[in-house]
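Work through the exercises below with the sequence and the 3D structure open beside you. Each task is followed by a solution that goes step by step.

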Amino acid sequence: MEKREHWGSKFGFILAAAGSAIGLGNIWKFPYIAGENGGAAFVFIYLICIALIGLPVLMAEVLMGRTTQRNPVGAFKKLSGKPFWVAVGSLGVIAGFVILSFYTVIAGWSIGYIVEALKGSFSQFSDPAVSSAYFEARVGDVNWIVGYHTLFSILTMWVVYAGINKGIEQGSKIMMPILFFLLIILVIRGITLPGAEKGLNFLWSPDWSKITGQSVLIALGHAFFTISLGMGAMMTYGSYLSEKDHIPSAALQIVFLDTLIALLAGIAIFSSVFAMGQDPAAGPGLIFHTLPVVFAKMPGGAIWAVLFFLLLTLAALTSAISLLEVVVAYFVDERRWKRHNAVLVFGCIVLLIGIPSALSFNVMKEVHFFGKTWFDNADYLASNILLPGGGLFIAIFVGWIWEFDKVLIELKKGSESLFDTYPIIIKGWRIFLRYLSPVMILIVFLHSVNLLESAWQQVQSSWVIILMLVSVLIKVFQNKK
Ligand code: PHE
């Protein structure tokens with residue numbers, strides 16, 4: 001068996017993990033869902049979800065990985081060995097395949113749009129109707145969409161093929177600073193446009209009336225996706241971590257960077273959209289339909305467009321490599337494959353299962369399974385079932401199944417000072433994992449699979465959920481005493 005690699009430094013791990021977290025979720029999805037759900041009010045709820053659920057579950061995932069030095073299947077096998085838990089780990093590996101297969105398609109559009117921007121295609125866009133038609137024509141072209149999907153998949157394979165240090169860590173050390181730099185330039189460009197303050201007001205002045213039970217659920221679901229939780233990506237990255245590293249502080253830094261980038265992307269996008277008089281509530285098409293019009297109207301727009309889509313591509317690439325790494329780590333650890341072979345074989349398999357996702361925008365547009373296209377099914381299965389389901393089981397496993405004394409011994413490695421100074425943080429972490437996270441995730445999960453849909457329609461205020469949770473917590477505390 002090949003010797004297991006480790007991150008060169010804690011900083012390398014943080015950049016790679018932040019690279020996994022920061023992706024299409026931050027730059028494409030967060031701005032438009034915040035835009036649709038009341039701006040600042042939604043951002044506030046999202047931040048609460050990240051702090052109360054995202055952070056504790058992230059610590060749990062990284063800890064499982066570091067303790068076992070294994071992929072998700074191997075980690076559950078080592079810590080429990082029960083077939084049920086091993087199956088939970090396997091779902092993570094399956095989620096890796098599923099997410100990659102549609103993620104690479106959207107990321108491919110992003111590369112395609114760099115090329116379009118370089119060709120000057122956006123200069124003809126006078127309004128969003130023209131740019132939408134252009135977008136439809138591009139994704140309607142099988143060669144265009146499959147070609148860029150393939151190109152992006154090959155880039156992903158190339159980085160993972162080079163290994164943990166020379167590939168993922170080195171790649172993140174190059175790509176993440178460029179990503180920060182590009183985003184800062186785009187933020188400055190955005191906020192210095194005349195009329196940008198309207199965009200900032202939109203993002204920062206809370207419209208509480210738009211907050212419903214539904215938007216709380218969207219915020220929670222997104223918190224999972226954006227921190228790459230629930231399928232073992234962070235567990236796998238944690239498995240290349242050494243015992244001297246401080247897990248709580250690393251987790252905090254990852255979550256901080258992810259949130260910072262989402263907020264900066266929101267500022268860059270909405271300041272430009274408002275300054276150029278475009279519709280902020282354009283939904284998922286915001287980036288591909290609305291932004292090209294914004295760029296067309298800006299002085300030097302083509303350059304800004306190239307920078308923006310380059311930013312999006314890099315962000316997607318550092319996430320995609322973490323998805324492929326979960327699959328590869330499983331075959332390397334459990335099936336004794338050589339890394340290079342695993343990357344080539346499973347990278348190509350992912351590329352192939354992604355093709356029906358790419359075709360869902362053209363020749364397979366009308367081919368529906370369970371009422372949805374292949375692409376929508378893959379997205380739905382991963383984002384609404386596999387990730388929240390995985391997150392729920394990880395919280396339950398670390399909160400209830402894995403003996404807590406052992407959990408503490410492992411967590412303490414590298415973070416003794418935290419235990420001595422703030423024991424309350426550790427106690428709080430356990431309570432969150434045992435009660436708050438599972439209850440909240442269960443609510444999202446049931447909602448996602450539509451079991452609670454009709455009930456939610458009657459729940460007009462998020463207060464109902466908050467009250468429910470508070471009462472559960474009070475009960476739990478009373479029982480303990
Ligand atoms: N966090 C990534 C994003 O925001 C997506 C992702 C999910 C990556 C799960 C890995 C695992 O785009």
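**Exercise 1. Find the side-chain partner of Glu325, then place Glu325 in the fold.**

Step 1. The side chain of Glu325 is in polar contact with the side chain of Arg339, at 2.9 Å, where a polar contact is a pair of N or O atoms within 3.5 Å, one of which, within protein, must be able to donate a hydrogen and the other to accept it, and residues adjacent in sequence count only if both atoms are side-chain atoms.

Step 2. Glu325 belongs to helix H14, helices being DSSP runs (H or I) of at least four residues, numbered from the N terminus.

Step 3. Glu325 has a relative accessible area of 0% and is therefore buried; buried means under 20% relative accessible area, exposed over 50%, and partly exposed in between, with a 1.4 Å probe and protein chains only.

These values come from a predicted model, in which local features need pLDDT of at least 70 and side-chain atom pairs count only at pLDDT 80 or more, while totals for chains, interfaces and linings use all residues. Residues are numbered from 1 along each chain as its sequence is written, and side-chain values use heavy atoms, with hydrogens and water left out.

**Exercise 2. Describe the surroundings of the ligand, beginning with the residues closest to the ligand.**

Step 1. The ligand is surrounded by 14 residues, of which Ala21, Gly25, Tyr103, Phe225 and Ser228 are the closest; a residue counts as near if one of its heavy atoms lies within 4 Å of the molecule.

Step 2. Helices H1 (10-21), H2 (24-36), H10 (213-226) and H14 (301-333) each contribute at least two residues to this shell.

Step 3. Sorted by class, the shell holds 6 nonpolar residues, 8 polar residues and no charged residues, with Gly counted among the polar ones.

Step 4. For the polar atoms, an N or O atom in the side chain of Tyr103 is 2.5 Å from an oxygen atom of the ligand, a backbone N or O atom of Phe225 is 2.8 Å from a ligand nitrogen atom, and a polar side-chain atom of Ser228 is 3.0 Å from a nitrogen atom of the ligand.

Step 5. Of the 330 Å² of accessible area that the ligand has on its own, the protein covers 100%, as computed by the Shrake-Rupley method with a 1.4 Å probe.

**Exercise 3. Which two residues other than glycine have a positive phi, and where do they lie?**

Step 1. Arg336 has a phi near 55 degrees, and Phe370 has a phi of about 45 degrees.

Step 2. Arg336 is in the loop between H14 and helix H15 (339-359), whereas Phe370 is in the loop between H15 and helix H16 (374-401).

Step 3. Arg336 counts as exposed because its relative accessibility is 57%, and Phe370, at 79%, is likewise exposed.

**Exercise 4. How far apart in space are the C-alpha atoms of Tyr32 and Gly283, and how far apart are those of Phe11 and Tyr134?**

Step 1. Tyr32 and Gly283 are 251 residues apart along the chain, and their C-alpha atoms are separated by 5.3 Å.

Step 2. Tyr32 lies in helix H2 and is buried, with a relative accessible area of 9%.

Step 3. Phe11 and Tyr134 are 123 residues apart in sequence, with 42 Å between their C-alpha atoms.

Step 4. Phe11 is part of helix H1 and is exposed, its relative accessible area being 52%.
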